[in-house]
Amino acid sequence: MTTATDRRHERRISPVFLAILAVMAVTGWAVWTDFAALPSLAVFLFVTSAWVVSLCLHEYAHARTALHGGDITVGAKGYLTLNPLAYTHAVLSIVLPVLFVIMGGIGLPGGAVFIEQGRIKGRWKHSLISAAGPLANVLFALVCTAPFWLGALDGVPTVFQYALAFLAFLQVTAALLNLLPVPGLDGYGIVEPWLSYKVKRQIAPYAPYGFFIVIALLFVPAVNDGFFDAIDALMRSLGVPELSRYCGSQLFRFWQETPDFCQA
């Protein structure tokens with residue numbers, strides 16, 4: 001029997017998450033004040049730690065929505081502690097997305113937490129659980145871009161603007177990719193409850209490969225161009241100049257030489 005003490009323990013924020021949050025805060029301060037000896041390294045650490053925080057919030061949003069939807073087991077699994085090490089697919093949820101950011105500068109959606117679907121009653125609840133993760137990325141993107149679309153950039157250091165722009169770019173790419181109605185992604189999880197049993201059975205064998213098919217398609221020039229054209233349009237609608245996002249990605253790669261026009 002689960003006691004009130006057990007429930008509080010299951011929902012206590014993990015020290016691991018708090019440590020990542022502290023790294024984000026300290027490195028964000030270093031970027032803002034230009035305190036770091038290597039500003040690009042500070043940008044790298046700030047964006048990476050903030051990206052991991054957003055991944056934790058993405059998975060937490062799935063779990064919290066599932067809890068309210070009827071799956072009371074998510075707490076015992078550690079999903080409500082925001083601990084990235086507690087996720088069923090820690091490699092897919094955290095490690096792989098971080099590696100993709102470092103190698104390619106794209107926000108890769110992670111693997112979802114394990115939800116006991118039989119405990120969830122109602123198609124709308126299933127859809128909302130799947131939608132909750134990408135919506136967390138959307139909210140994170142809105143927070144990062146708020147100074148841009150609110151016209152509140154006065155006093156915001158240029159390098160910090162660049163870091164926010166690149167971090168927002170990662171959130172937008174992750175949200176857009178994850179909302180694709182492809183098996184294995186949250187977009188398919190949103191529409192799946194509304195499909196017929198026959199259609200779901202036909203799609204099921206391909207579900208484990210949907211994620212990798214999407215990644216492979218991004219290497220097709222026409223698909224890649226269309227995808228990033230959509231991302232650029234969304235970033236412009238949020239008031240983020242392409243130059244800011246570009247300079248943020250260049251500063252993030254501290255191991256490479258940063259263009260002079262991206263220097264503060």
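This is a guided tour of a predicted model, moving from the whole chain to one helix and then to single residues.

**The whole chain**

Begin with the complete chain in a cartoon view, coloured by secondary structure, where eleven helices and zero strands make up the assignment. Read from the N terminus, the elements therefore run α-α-α-α-α-α-α-α-α-α-α. The radius of gyration is 19 Å, close to the 18 Å that the globule rule gives for 264 residues, so the chain is as compact as a globular protein of that length. Turned along its principal axes, the C-alpha trace spans about 55 × 50 × 35 Å.

Switch next to a surface view of the chain, whose accessible surface comes to about 13,300 Å², with 68% of that area belonging to carbon and sulfur atoms. Beneath the surface, buried residues account for 47% of the 264 residues. Among contacts with a separation of 6 or more, 72% are made by residues 24 or more positions apart. If you then colour the charged residues, there are 16 positive and 15 negative charges to find, and the mean positions of these two sets are 18 Å apart.

**Helix α3 and the loop after it**

Select residues 39–69, which form helix α3. At 1.5 Å a residue its 31 residues should span 45 Å, and the end C-alpha atoms are 44 Å apart, which agrees with that expectation. Of these 31 residues, 23 are buried, so α3 is largely enclosed by the rest of the structure. The residue that follows α3 is G70, and its phi is positive, near 130°.

Move on to L82, which sits in the loop between α3 and α4, the latter covering residues 90–104. Most residues other than glycine have a negative phi. L82, by contrast, has a positive phi, near 65°. The relative accessible area of L82 is 8%, and because buried means under 20%, L82 counts as buried.

**Two stops on helix α5**

Select residues 123–149, helix α5, and show the side chain of S127, which is found in this helix. S127 is buried, with a relative accessible area of 5%. To see what surrounds it, leave aside the neighbours within four places in sequence and display G189, I190, P193 and W194, with which S127 is in contact. A distance drawn from the C-alpha atom of S127 to that of P183, 56 residues away along the chain, comes to 14 Å.

Staying in helix α5, go to N137, which also lies there. Is N137 buried or exposed? N137 is buried, at a relative accessible area of 2%. Once residues up to four places away in sequence are set aside, the residues that N137 touches are S54, H58, Q171, A174 and A175. Of these, S54 and H58 fall within the range of helix α3, residues 39–69, so that this stop leads back to the helix visited earlier.

**The segment after α11**

Finish with T258, located in the segment after α11, the helix of residues 242–252. T258 counts as buried, at 11% relative accessibility. Which residues does T258 touch, not counting those up to four places away in sequence? They are Q250, L251 and Q263, and two of these, Q250 and L251, fall within the range of α11. For a last distance, select T258 and G248, which are ten residues apart in sequence and 9.9 Å apart in space, taken from C-alpha to C-alpha.

Conventions
Residues are numbered from 1 along each chain as its sequence is written. This is a predicted model: local features need pLDDT of at least 70, side-chain atom pairs count only at pLDDT 80 or more; totals for chains, interfaces and linings use all residues. Side-chain values use heavy atoms; hydrogens and water are left out. Helices (H or I, at least four residues) and strands (E, at least two) are DSSP runs, numbered from the N terminus. The radius of gyration is taken over C-alpha atoms; the globule rule is 2.2 Å times the number of residues to the power 0.38. Buried means under 20% relative accessible area, exposed over 50%, partly exposed in between (1.4 Å probe, protein chains only). Contact means heavy atoms within 4.5 Å. Accessible areas come from the Shrake-Rupley method with a 1.4 Å probe; for residues, only the protein chains shown count as cover. Lys and Arg count as positive and Asp and Glu as negative; His and the chain ends are not counted. The place of a charge is taken as NZ of Lys, CZ of Arg, CG of Asp or CD of Glu. The expected span of a helix is 1.5 Å times one less than its number of residues.
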